[in-house]
Amino acid sequence: METVLLHKSAFLYVTSIFRLSSFVFANALLTGITKTFVPFYSSFPEISYNVGIDFGVLNNRIYFSADYYKKVTKDLLLKSPVSLITGFSNMMSNVGNVDNWGVEFEVNTANIVTSSFKWNSSLNISLNRNKITSLGDDNSDIRSGQGNTIIQRVGHPVNSYMLLEVERTLTANDFEADGITPKEGIAIYTGQRPGDTKWKDNNYDGKITSDDYTVVGSYQPKFEWGFTNTFKYKDFDASVLLQGRVGGKLLSIGSRSWNRATNDPKYNYLDRWLYKAYWSEDEPGDGKTPAFYATVTGGQYDTNWLYDAGYIRIKNITLGYNIPFKPNSVLSKARIYVSCDNVYMWDHYDAGFSPEAATQDNASSDWGAYPLSRTFSFGVNVTF
């Protein structure tokens, strides 16, 4: 099946020069022309396929469904690089082709069914993979984000991360006696000393430069899941919803304010800078956290700011009670309930509030976003 999506945005535009505007020149107010913006319309052709299977056993007490889909999207609007002689570094162009495919599974079970007690479960698992297949005639990379840390590159997922790869912390054994000259085979960034981060020399030229930045992953998870259990005992009912995410990385730009070598003690920092950082050859730390004073390291973007985006969350707990009464001409039934959303979450994202905080740079990095609020609610459902 092929569909065409017509997309318009006030921020996607072509320019024109015809609007009159006033400006000051030689102490006089003059009238000239300036740029204006015309909304840009573009179609995104999509070709999608879908196939699924559903079946139940034991009178559907166990019910299974699976779906496979594939979608090819062409001519996505992206900021593609252009020659600087135009006066711009990039422009919006229909240059992106992306392949998406995924699988979704769902299993529903009636675990216990008696006259007074029922327990049902529902488990769903979904995975999605996307890959850029084209970026125009020459397939040039498209960089964005702070420090150009977000990249669109053919053969990789959308919004991949472009960073230096951390290997370990440099020590005095990596330098000659002067503590400045690196020993043979040790690649360093200009100005690095013992206590700085040792990055991987990806192009094998014997030194660390911007050419050693490489694609190191994306926010795309291995899979996501949800698990719901509902219980009913006489007039009482309860439900518990768990959800989770496995795999994927999150780039925390915001954590550079409290998880970076700055040599400036007036800010708050993660405790790793006190207990795990390199302080001396006698106190080398964990071998990954550089010295607090290693400002050369602090000026680059590396995988020390890339975190596991996996988590397990108790998304919702609800308790209810169906008020027993004889139906009448006014009410047929009533139920009172209490509910809590975002009850608790387990994760390894110590750099921020939540691994779901990919709200910046095309929903791929965290600049310090707030987490989802924990909410409590009480209500009455009445059916007339």
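The following questions and answers concern selected residues, the cores and the cavity of a predicted model.

Residues are numbered from 1 along each chain as its sequence is written, and side-chain values use heavy atoms, with hydrogens and water left out. Because the model is predicted, local features need pLDDT of at least 70 and side-chain atom pairs count only at pLDDT 80 or more, whereas totals for chains, interfaces and linings use all residues.

Reader: Is Pro-157 buried or exposed, and what is its relative accessible area?
Author: Pro-157 lies in the loop between strand E7 (150–152) and strand E8 (160–163), where strands are DSSP runs (E, at least two residues) and helices are DSSP runs too (H or I, at least four), numbered from the N terminus. Buried means under 20% relative accessible area, exposed over 50%, and partly exposed in between, with a 1.4 Å probe and protein chains only. By that rule Pro-157 is buried, its relative accessible area being 19%.

Reader: Which residues does Pro-157 touch, not counting residues up to four places away in sequence?
Author: The C-alpha atoms of Pro-157 and Ile-132 are separated by 6.0 Å, although these residues are 25 apart along the chain. With contact taken as heavy atoms within 4.5 Å, Pro-157 touches Asn-130, Lys-131, Ile-132, Ile-151, Ser-218 and Gln-220.

Reader: Which strand gives the most to the largest nonpolar core?
Author: A nonpolar core is a set of buried Ala, Val, Leu, Ile, Met, Phe, Trp, Tyr and Cys residues joined through side-chain atoms within 4.5 Å. Of the 24 residues in the largest one, Tyr-161, Leu-163, Tyr-219, Leu-250 and Leu-251 touch the most other members. At least two residues each come from E7, E8, strand E14 (249–252) and strand E15 (306–308); the strand giving the most, with three residues, is E8.

Reader: Which residue's backbone oxygen does the side chain of Asn-342 reach, and at what distance?
Author: Asn-342 has its place in strand E17 (residues 333–347) and is buried, with a relative accessible area of 12%. Leaving aside neighbours within four places in sequence, Asn-342 is in contact with Arg-313, Ile-314, Lys-315, Leu-372, Ser-373 and Arg-374. Among these contacts, the backbone oxygen that the Asn-342 side chain reaches belongs to Ser-373, at 2.7 Å.

Reader: Which core residues are among those of the other core, apart from the largest?
Author: This other core has eight residues and lies apart from the largest. Among its members are Leu-270, Trp-273, Ala-291 and Phe-292.

Definitions and conventions
A polar contact is a pair of N or O atoms within 3.5 Å; within protein, one must be able to donate a hydrogen and the other to accept it, and residues adjacent in sequence count only if both atoms are side-chain atoms.
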